[in-house]
Amino acid sequence: MAKPKLDAQKIVLAYSGGLDTSIILKWLKNEYGAEIVAFSADLGQGDELAPVREKALKTGASTVYIDDLREEFVRDFVYPMFRANAIYEGHYLLGTSIARPLIAKRQMEIAKLEGCDAVSHGATGKGNDQVRFELAYYHFDPSITVIAPWREWKLNSRKALIAYAKKNDIPIPVTKKRPWSSDRNLLHISFEGGILEDTWAEAPEEMYVLTCKPEKAPNKPQYVEIEFENGNAVAVDGVRMTPAQLLAHLNTIGGVHGIGRVDLLENRSVGMKSRGVYETPGGTILREAHSAVEQITMDREVMRIRDSLIPQYAWQVYAGYWFSPEREMLQALIDDSQKTVNGVARVKLYKGHCRTVGRKSETNSLFNLDFATFEKDKVYNQADAEGFIKINSLRLRIRSLMQGKK
């Protein structure tokens, strides 16, 4: 194996405790002879974090950080993104993408606290996460040394990784029962690789974690009311909650009804296509409800401009540009549009489907029954529509006349 080109004495590693990062921890010690600080962010993975500290110490870490970032994650990252109604390629609610800038932010804070001269991650050279992590690292410290083992080592297969683990007594279980990789946080869980690389094969039911099979969901629908203030969800069924509590609550409700399953063949930012299967129960409900409150409170032209920016905003999140000036510029515009998004949406959950059945706003409603009614009214002269149509059809009529002459 070629000697590393970089120099590092103390490295903070973004560590999950899975196969890849467990091997990376040992590899960094073996190849660099450096002190390793392991960092795991609690973003809502549940019991996945329970063995992390002991495993990291056994593998060679000198210090282990496991930081609860759940509230910061939802409040400062998920909520701003949902104010934009961001969605990638029409399906993906960006659950993994939006977690990376926060992990990188905290990792860089730990690097400063611990006096580390380098940071490392477990993202492969084929994926999006290497870009997301490293763009964020350089935002916080342009001179930081970044070590990406997947771009350096020759362990280019699962077989090679397992052999390395056995050779170095790395305490990780290896099983063929779950032939795919996953990433979980409060917003979603994603699956990729393994059997999912057959794009024609349906994802097996035993893969899903957060949602029940829609066909086996309750036969009775459930109605949920979600209240918004300035575009942020603040209460469910009249009970106010913190952002993390609210999203966790919606995950539970949505999971029961099989809400939020997505199977997507997406375009990675590095240029290749990749299949991802996602469960986003709470996020699916939240986006539907948010859009419903916008429908009754947001001006038409403001909505038109904001909607035109959704693909660009979603791309910035997906491609790792969370800390970019262009994302910050869009966020300022979007947040200004959300000042009037105050109200309540009522959504109906039933066997994998989530749809709006009601919306209201006591303070910012733009719906005026006097104008909108199909019954007799005294405020709208229907004859006025003729002039409106004539003016708006002028360019079309002129075009037809000119084409007729030809």
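The lining of the second largest pocket in this predicted model brings together residues of every class, with five nonpolar, seven polar and four charged residues. In total, 16 residues line this pocket, and those that lie nearest its centre are H91, L93, G260, V262 and T284. Three elements give two or more residues to the lining, namely β11 (261-267), α8 (281-297) and β14 (353-360). The space that lies within the second largest pocket comes to about 290 Å³. Rolling a probe the size of a water molecule over the atoms shows where empty space is left.

From the pocket the view can widen to the whole protein. Its secondary structure comes to 12 helices and 14 strands, and the C-alpha trace spans about 85 × 55 × 45 Å along its principal axes. Of the 406 residues in the protein, 49% are buried.

Strand β11, already met in the lining of the pocket, also belongs to an open sheet of four strands, which follow one another in the order β6-β7-β12-β11 and pair in the antiparallel sense. The edges of this sheet are taken by β6 (181-184) and β11, and because each of them has a single partner strand, one side of each is left without a neighbour in the sheet. From one strand to the next, the twist averages 25°. Strands of a sheet pair through backbone hydrogen bonds, either parallel or antiparallel.

Within this antiparallel sheet, β12 can be followed on both of its sides. Towards β7, the pairing of residues 189-192 with residues 273-279 of β12 runs over three bridges; here F191 stands opposite V277, and S190 has Y278 as its bridge partner. Towards β11, the antiparallel pairing with β12 extends over seven bridges, and N267 stands opposite K273 of β12. The hairpin of β11 and β12 has five residues between the strands, and in this hairpin G271 takes a positive phi near 120°. Strand β12 itself is mostly covered, since six of its seven residues are buried.

A second sheet to consider is built in the parallel sense: five strands form an open sheet in the order β3-β2-β1-β4-β5. At its edges stand β3 (63-68) and β5 (145-147), and as each has a single partner strand, one side of each is left without a neighbour in the sheet. Neighbouring strands of this sheet are turned against each other by 25° on average, with direction ignored. Inside the order of strands, β1 (residues 10-14) and β4 (residues 118-120) pair in the parallel sense over three bridges, and V12 stands opposite V119 in β4.

The aromatic side chains add another layer to the picture. A pair of aromatic rings is described by the distance of the centres and the angle of the planes. A search of the whole structure finds 12 aromatic pairs. In one of them, the rings of W27 and Y32 have their centres 6.1 Å apart and their planes at 65°, which is over the limit of 60 degrees for edge-to-face, so the pair is classed in that way. The pair of W150 and W153 is also edge-to-face, with 5.3 Å from centre to centre and 70° between the planes. Both W27 and Y32 are buried, and both W150 and W153 are buried as well. Elsewhere, one aromatic cluster is formed by Y88, Y92, Y278, W315 and Y318; Y278 is the residue of β12 that serves as the bridge partner of S190.

Two loop residues deserve a closer look for their backbone angles. E89, in the loop between α3 (70-83) and α4 (100-114), has a positive phi of about 50° although it is not a glycine. E89 counts as partly exposed because its relative accessibility is 32%, a value between the limits of 20% for buried and 50% for exposed. D237 lies in the loop between β9 (232-236) and β10 (239-240), and its phi, near 50°, is likewise a positive value in a residue other than glycine. With a relative accessible area of 41%, D237 is partly exposed.

Notes:
Residues numbered from 1 in each chain as written. Predicted model: local features only at pLDDT ≥ 70, side-chain atom pairs only at ≥ 80, totals over all residues. Heavy atoms only, no water. 1 Å grid on protein atoms, 1.4 Å probe; cavity = no way out; pocket = protein on both sides within 12 Å on 5 of 7 lines; lining within 4 Å. Points joined across faces, edges and corners; volume = space filled by probe spheres on them. Nonpolar A, V, L, I, M, F, W, Y, C, P; charged D, E, K, R; others polar. Pairing = 2+ DSSP bridges. Axes fitted to C-alpha atoms, helices over the stretch in contact; angles between N-to-C directions. Buried < 20%, exposed > 50% of the residue type's maximum accessible area, 1.4 Å probe, protein only. Phe/Tyr/Trp six-rings, centres within 6.5 Å; stacked < 30°, edge-to-face > 60°.
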